[in-house]
Amino acid sequence: MDKLKGLINGLILAGMLLSAHASAATTTATQKPVLQSLNETQAPATHRTLPIKGYKTLSGTKILFIRTPGLPMFDALVSFAAGSAHTPHQPGLAAVTYSLLNEGVAGKDVNAIQAAFDNLGARMDMGISQDRTWFSLRSLSDESRRTPALELFAQVLGKPLLPQESLPAVKSQLQYFLDREDQSSAAQARQANLGQLFPDHGNAQSLYGTRAGLASITRTQAQDFHREAYAAGNAQITLVGDLTEEEAQRIGTQISAALPLGPATAAIQPVTSPTAPSLLRIERPSTQAYLRLAQPSDLRSGPDYVALQMAMRVFTNRLTNELRERRGLTYHVKADLSALQAQGLLTIELQTRPEQADAVLAHIKTMFSDFLAQGPTQQELEDSQQQLTGSAPLNSATNMQILRQLYAISVHNLPLDLDFATQAALKLSPVSIKSALNRHHHADQWRVVILGPKTEQQPLPAPSESATNAMCRMPGEIVAS
C-alpha cells in the first residue's frame with residue numbers, strides 16, 4: 001500500500017487511430033491493402049454503451065457503478081473530503097490521520113494487513129490531495145476472495161486503531177516528504193505560486209503540513225478528525241468491474257455501514273478577495289530556471305470548463321511549437337487546468353535557461369494575449385477534436401481508467417456519461433472557445449514564480465529556419481523526442 005502518492009493522474013492522451021480496408025477490383029485481381037491518408041477526415045468516435053448506475057445510502061454515501069464483465073475482478077474506490085486544505089487550523093492533521101489509517105485494525109498491524117490482502121490476491125492503494133483522500137481496492141470477483149477483502153478494507157476505513165505507537169514514525173515520514181519538497185524546484189515553485197493565489201488559505205499549505213504543525217499533532221486530534229471527515233455522509237464510492245448491480249449495491253452499503261455516522265464536511269471556501277498580479281523571484285542554484293504562471297479559471301463543474309480545456313490543448317501545441325521546436329528554449333511546456341474544489345486554475349509550467357527566463361516569460365504573456373484576442377483557428381480546433389476522438393476510447397480501455405473517469409464524475413457532480421466531455425468538445429467552435437477564454441482569463445492577471453540562479457538576462461534567440469529542433473534531434477537522424 002503506497003502512501004502519499006498524488007491523487008488520480010490526469011487522463012492518458014493517446015494517438016489517433018488509423019484504419020485499413022481491403023478493396024477488390026475484379027475476381028482475378030489480387031486484393032491490396034489501402035492505407036487511409038492522414039489528411040482525410042477521420043471517422044468520429046461512436047458513443048459507447050457503459051451505463052453508469054447511481055445510488056445513495058440512507059447514511060448519505062454516494063455510489064456510482066459501471067459493470068465490465070470482461071475479467072473476473074473489480075475495483076472499488078472510496079474517497080473523502082478530507083484533504084490537506086480541510087485542516088488549515090492544524091497543518092498536517094489531514095496527512096497524519098490519512099497515514100495512520102492502515103497502521104492497524106483489531107488483531108492486525110500494518111504488516112498483517114498487507115499480508116492479508118496479498119493472501120487474498122487483493123491490493124489496496126491510497127492517496128491524498130488538497131481536497132480529498134482516496135482508498136482503492138482491487139480484488140477478484142469470486143465471493144470467497146471478495147468477501148474477506150472487502151471486510152478488511154471496510155475495517156481499515158471505518159474502524160482503524162490509529163495507534164499511538166505509529167504516530168512518531170508517521171510524523172517522521174511526513175517530515176521526510178517536507179524535506180524532499182524543499183529540495184524540489186518544481187514543488188517549491190508550485191507552493192510559492194499557490195501562496196500567491198491563496199494567501200492565508202488551506203490550499204497554500206503543503207499536503208504534508210508544516211514542521212511545527214506536525215510536531216504538535218496528537219492521536220486524540222487524529223481520532224476526532226477521523227470521526228468527522230471519514231463519516232458516511234462525507235464518503236463517495238465508485239465501483240467498476242465484474243459485479244452485478246445487486247452486488248455493487250451490497251458492496252457500497254457494506255462499506256458505508258462500516259464508517260462513522262455523520263454528514264458531509266463543509267466545502268473548502270474560495271478566496272473572496274483575489275490577489276493582484278505579481279512576480280516572485282526565488283534565487284536558487286540550478287542549471288535551469290523553473291517558471292510557473294497561474295491565474296484563476298472555471299471550476300471543473302463549470303459550464304465553460306470543456307471549452308477552456310480544448311483551448312489549453314491548442315495553446316499547449318502553440319507553446320510547444322514556438323518555445324521548443326522553433327527556438328529550442330525548453331524540452332517540455334504545458335498549459336493546463338486544475339480541478340481544485342475552491343478555485344479553478346490555469347497554469348503554465350516549463351524549465352528554461354536561466355539567462356532567458358525573463359524573455360521567455362514575456363513571450364508567453366504576449367502569446368497568451370494574442371490567443372485571447374484571436375482564439376484558436378478552425379484548423380487548430382479540428383486537429384484537437386480529431387486527436388480527442390481518437391484517444392477517448394483508449395482512455396477507458398481498462399477498469400482503472402474507467403474508475404478514474406467515474407471518480408471525477410462523482411466528485412465534481414458531472415453528467416453520468418463517460419463521453420459527455422468529448423461530445424461537448426466536438427460541438428465547440430472557435431468563436432465559442434474564444435468567448436469562454438475571455439469570460440475567465442485576462443492577459444495581465446498572471447501570478448508568476450521564477451525559481452533559479454540570478455544571472456544577466458539575454459534576449460530570445462532567433463527562431464530556427466527548420467521545423468526540426470536541434471535540441472531534440474541530431475541532424476540527419478530520426479529519433480524519439
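A residue is called buried when its relative accessible area is under 20%. The legends below apply this term to close-up views of a predicted model.

**Figure 1. Two phenylalanine rings stack between helices α9 and α10.** At 0% relative accessibility, F371 counts as buried because the value falls under 20%. F315 is likewise buried, with a relative accessibility of 0%. The ring centres of F315 and F371 lie 5.2 Å apart and the ring planes meet at 20°, so the pair is stacked. F315 belongs to helix α9 (residues 305-326) and F371 to helix α10, so the pair ties together parts of the chain that are 56 residues apart in sequence.

**Figure 2. Helix α10 packs against helix α14.** Two packed helices are described by the angle between their axes and the distance between the axes. For α10 (residues 357-374) and α14 (residues 430-440), the angle is about 125° and the axes are 8 Å apart. This geometry makes α10 oblique to α14. On the α10 side, the residues in contact are F371, L372, A373 and Q374; on the α14 side they are K434, L437 and N438. By class, the contact comprises four nonpolar, two polar and one charged residues.

**Figure 3. F80 and F135 form an aromatic pair.** The structure holds nine aromatic pairs, one of which is shown here. The rings of F80 and F135 are 6.2 Å apart from centre to centre, with 70° between their planes, and the arrangement is edge-to-face. The pair links distant parts of the chain: F80 is in strand β5 (residues 73-80) and F135 is in strand β9 (residues 133-140), 55 residues apart. F80 is buried, with a relative accessible area of 0%, and F135 is buried with a relative accessible area of 0%. Together with Y98 and Y230, F80 and F135 form one aromatic cluster.

**Figure 4. R324 lies over the face of Y331.** The distance from R324 to the centre of the Y331 ring is 4.5 Å.

**Figure 5. I402 in helix α12 is a buried residue with several contacts.** The relative accessibility of I402 is 3%, and the residue therefore counts as buried. Leaving aside residues up to four places away in sequence, I402 touches L50, I66, T68, V240, N395, S396 and L418. L50 stands 352 residues from I402 along the chain, yet the C-alpha atoms of these two residues are separated by 9.5 Å.

**Figure 6. Two loop residues, L162 and N413, have a positive phi.** Most residues other than glycine have a negative phi. L162, which is not a glycine, has a positive phi of about 45°. L162 is found in the loop between α3 (143-158) and α4 (167-183). N413 is not a glycine either, and its phi is positive at about 55°. The position of N413 is in the loop between α12 (399-411) and α13 (420-426). Which of these two residues is buried, and which is exposed? L162 is buried, with a relative accessible area of 2%, whereas N413 is exposed, with a relative accessible area of 59%.

Terms used:
Residues are numbered from 1 along each chain as its sequence is written. This is a predicted model: local features need pLDDT of at least 70, side-chain atom pairs count only at pLDDT 80 or more; totals for chains, interfaces and linings use all residues. Side-chain values use heavy atoms; hydrogens and water are left out. Helices (H or I, at least four residues) and strands (E, at least two) are DSSP runs, numbered from the N terminus. Buried means under 20% relative accessible area, exposed over 50%, partly exposed in between (1.4 Å probe, protein chains only). Contact means heavy atoms within 4.5 Å. Axes are lines fitted to C-alpha atoms, for helices over the stretch in contact, and angles run from 0 to 180 degrees between N-to-C directions. Angles under 35 degrees count as roughly parallel, over 145 as roughly antiparallel, 65 to 115 as roughly perpendicular and the rest as oblique. Ala, Val, Leu, Ile, Met, Phe, Trp, Tyr, Cys and Pro count as nonpolar, Asp, Glu, Lys and Arg as charged, and the others, Gly among them, as polar. Rings of Phe, Tyr and Trp (its six-membered ring) pair if their centres lie within 6.5 Å; planes under 30 degrees apart count as stacked, over 60 as edge-to-face and the rest as tilted. A charge sits over a ring if NZ of Lys or CZ of Arg is within 6 Å of the ring centre and within 35 degrees of the ring normal.
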